[in-house]
Amino acid sequence: MMHRLARPLAVALALTAIGTSLAAAAAPAPAPCLDRQELTAIVTYALPSAMDSAMTFCRPHLSPQGYLAREGRGLVQRYTVAKPAAWPQAKAALVKMATTGNDPTVSSMARLPDSALQPFAEGMVGQIVADGMKPQTCAPLEQAMRLLAPLPPENTAGLIAFVVTQTQGARPGARPTTRSRSSLPLCPASL
């Protein structure tokens with residue numbers, strides 16, 4: 001059940017798909033991987049955008065008197081406070097994953113100023129979350145967000161990273177399979 005609840009939140013980690021798709025096309029060098037600290041930084045940065053997107057999608061599928069309708073905006077605001085501190089490590093991890101190939105477009109995107117790269121990353125997270133949502137995931141997601149709300153943002157991000165590493169079952173550099181569509185290239189120490 002925890003895996004099912006973590007999936008809508010973990011879909012925000014799909015930002016690393018840029019890196020994994022490039023890694024697949026790269027020369028047969030060892031694929032880079034994310035350690036738990038890098039994964040936590042990505043989650044910390046992406047979580048407010050993911051939550052906002054999920055709430056927008058779920059609004060018509062949930063009670064207007066429910067937790068997200070009453071407390072959701074405040075929760076997103078509280079998690080947004082942690083984004084600036086997480087950005088440098090999240091950006092470094094994403095750039096590491098994205099620049100493994102020799103694609104000049106990705107390399108030039110990695111050199112964009114933060115003011116241009118951050119809105120792009122947030123928009124991408126929002127779209128990935130919206131595309132991955134289903135109406136039946138809204139009620140469990142609302143319950144999970146209500147249960148996680150008392151935690152500080154860094155604890156929530158750490159917990160999500162922990163759940164992802166424990167439930168993913170991927171090996172370092174693993175590519176997504178039909179069994180695990182959201183496999184991330186996690187470093188062995190993170191598993």
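Start by selecting M145 in this predicted model. Beyond its neighbours within four places in sequence, M145 is in contact with M51, M55, Y67, L68 and L75. Show those five side chains alongside M145.

Next, widen the selection to the largest nonpolar core, which has 39 residues. M145 is one of the members that touch the most others, together with L39, M51, L75 and M133. Colour the elements that give two or more residues to this core: α3 (36-58), α4 (67-80), α5 (83-98), α7 (114-132), α8 (138-148) and α9 (153-168). Helix α3 supplies the largest share, twelve residues. In soluble globular proteins, nonpolar side chains tend to be buried together.

Now select Y45 and W87. Which aromatic pair does the structure hold? Its one aromatic pair is formed by Y45 and W87, with 4.7 Å from centre to centre and 50° between the planes, a tilted arrangement. Y45 belongs to helix α3 and W87 to helix α5, so the pair ties together parts that lie 42 residues apart in sequence. Y45 and W87 are both buried.

Keep Y45 on screen and add K83. The charged end of K83 sits over the Y45 ring, 4.7 Å from the ring centre.

Finally, zoom out to the whole chain and colour by secondary structure. The chain has nine helices and zero strands. Of its 191 residues, 45% are buried. Among contacts between residues at least 6 apart in sequence, 79% join residues at least 24 apart. With the surface switched on, the chain exposes about 9,800 Å², and carbon and sulfur atoms supply 60% of that area.

Definitions and conventions:
Residues are numbered from 1 along each chain as its sequence is written. This is a predicted model: local features need pLDDT of at least 70, side-chain atom pairs count only at pLDDT 80 or more; totals for chains, interfaces and linings use all residues. Side-chain values use heavy atoms; hydrogens and water are left out. Helices (H or I, at least four residues) and strands (E, at least two) are DSSP runs, numbered from the N terminus. Buried means under 20% relative accessible area, exposed over 50%, partly exposed in between (1.4 Å probe, protein chains only). Contact means heavy atoms within 4.5 Å. Accessible areas come from the Shrake-Rupley method with a 1.4 Å probe; for residues, only the protein chains shown count as cover. A nonpolar core is a set of buried Ala, Val, Leu, Ile, Met, Phe, Trp, Tyr and Cys residues joined through side-chain atoms within 4.5 Å. Rings of Phe, Tyr and Trp (its six-membered ring) pair if their centres lie within 6.5 Å; planes under 30 degrees apart count as stacked, over 60 as edge-to-face and the rest as tilted. A charge sits over a ring if NZ of Lys or CZ of Arg is within 6 Å of the ring centre and within 35 degrees of the ring normal.
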